Amino acid sequence: MTCTTLLSAPGLQSLIASGAPLMVFDCSFDLAQPCAGAQHYADAHIPGAIYANLDTDLSAPHGAPGATGTVTAQEADAPASGGRHPLPSRERFAMWLSSVGFANGMQAVVYDRNGANYCGRLWWMLKWAGHDAVAVLDGGLQAWQAAGGALASGAEPARFQSNFELHAPLRQLASADDVLAALRQPGQTLIDARGAPRYRGEIEPLDPVAGHIPGALNRPFTENIGADGHFKPAAVLRAEFETLLAGRDPATVVHQCGSGVSALPNMLAMEVAGLGKTTLFAGSWSEWCSDPSRPVERG
């Protein structure tokens, strides 16, 4: 059975027991303490899980923002997006997947311990690489522990390198130019996943300019998670997104956030809700506001 959106902890336990080709990825991270995720993984993770580091594995090489907010790659391979966490090229991503032993015939299950804030990045990147068999562990490591799942610590044994082959992208990527060209047009509906104060421009802890892309709707990614730490039921998510969209076609949605990471829980939630596939602006606000010629809205 191929899992493509969410998978429960008992479902993962059954999948492991079945012996099906599988790789589990721990994507835990902390923007304020970039080394914390790797330490949390070393302390406790699902046995056999591979650690996927947002900064070094799921982003192109990047440095600190310069005077204008521009982030530049430190190597010759061009990133696939701008922003604070620029996407690596699909080819560079495939090389990393191959290096950890992930193959096309495997089911991927991704998780974190951060309310699905970071694992959605790898979920989307695998779809972008043409690999549909990837699911987010609903409830993350906390749900795995609550279901009686075992934990491991330290490093995992190295795996043999594979040869992951790219296929046609299953999800679409929008550039800053794409977003600008369609700004305020009916064919594009932007959804900003940042917290409301950042969206309104009242605070900006990470980027050089406060505010949001003109016309963007706001849905903080945390609103997809219920009090139990799991994604809300599909019917609830559908009703909430339909209220937000207010008649707009879900197919026109382009998701963004600060740097293209926390936008992904919104995309996943829309798919769980049965609202179809949408698009990601991976550069997000950090790329948008780096160019002073692009319009900014506050309030």
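A search of the whole structure turns up zero disulfides, a disulfide being a pair of cysteine sulfur atoms within 2.5 Å. The model is a predicted one, where local features need pLDDT of at least 70 and side-chain atom pairs count only at pLDDT 80 or more, while totals for chains, interfaces and linings use all residues. Residues are numbered from 1 along each chain as its sequence is written, and side-chain values use heavy atoms, with hydrogens and water left out.

Why does C257 form no bond with C289? The sulfur of C257 sits 12 Å from the one in C289, its closest cysteine sulfur, and that is too far for a bond. C257 is buried at a relative accessible area of 1%, and C289 is buried too, at 6%. Buried here means under 20% relative accessible area, with exposed over 50% and partly exposed in between (1.4 Å probe, protein chains only).

Now to the sheet. Five strands make an open sheet in the order β1-β5-β4-β2-β3, with parallel pairing. At the edges are β1 (6-7) and β3, each of which pairs on one side only. Strands (E, at least two residues) and helices (H or I, at least four) are DSSP runs numbered from the N terminus, and two strands pair if DSSP finds at least two bridges between them. As a general matter, strands of a sheet pair through backbone hydrogen bonds, either parallel or antiparallel.

Strand β4 (residues 107-111) is mostly covered, with five of its five residues buried. Q107, V109 and Y111 point one way from β4, while A108 and V110 point the other way. That fits the usual pattern: in a regular strand the side chains alternate between the two faces of the sheet. With β2 (residues 22-26), β4 pairs in the parallel sense over five bridges, and D26 has Y111 as its bridge partner. Three bridges join β4 to β5 (residues 134-137), again running parallel; here V109 stands opposite A135, and A108 has V134 as its bridge partner.

What links up with β4 and β5 in a β-α-β unit? Helix α4 (residues 119-128) does, and the unit is right-handed; that is, with the strands pointing away from the viewer, the path from the first strand over the helix to the second runs clockwise. The helix α4 lies across β2, β4 and β5, and runs at about 170° to β5. Axes for such angles are lines fitted to C-alpha atoms, for helices over the stretch in contact, and the angles run from 0 to 180 degrees between N-to-C directions.

Helix α3 (residues 90-99) has buried residues R90, F93, A94, W96, L97 and S98. Their cover includes β2, β3 (50-51) and α4. Just after α3, G101 takes a positive phi of about 90°.

Finally, S259 is in the loop between β9 (253-256) and α9 (264-272). Buried or exposed? S259 counts as buried, because its relative accessibility is 5%. Leaving aside neighbours within four places in sequence, S259 is in contact (heavy atoms within 4.5 Å) with R84, H85, R121, A282, G283, S284 and S286. With H85, the side chain of S259 makes a polar contact of 2.9 Å. Such a contact is a pair of N or O atoms within 3.5 Å; within protein, one must be able to donate a hydrogen and the other to accept it, and residues adjacent in sequence count only if both atoms are side-chain atoms.
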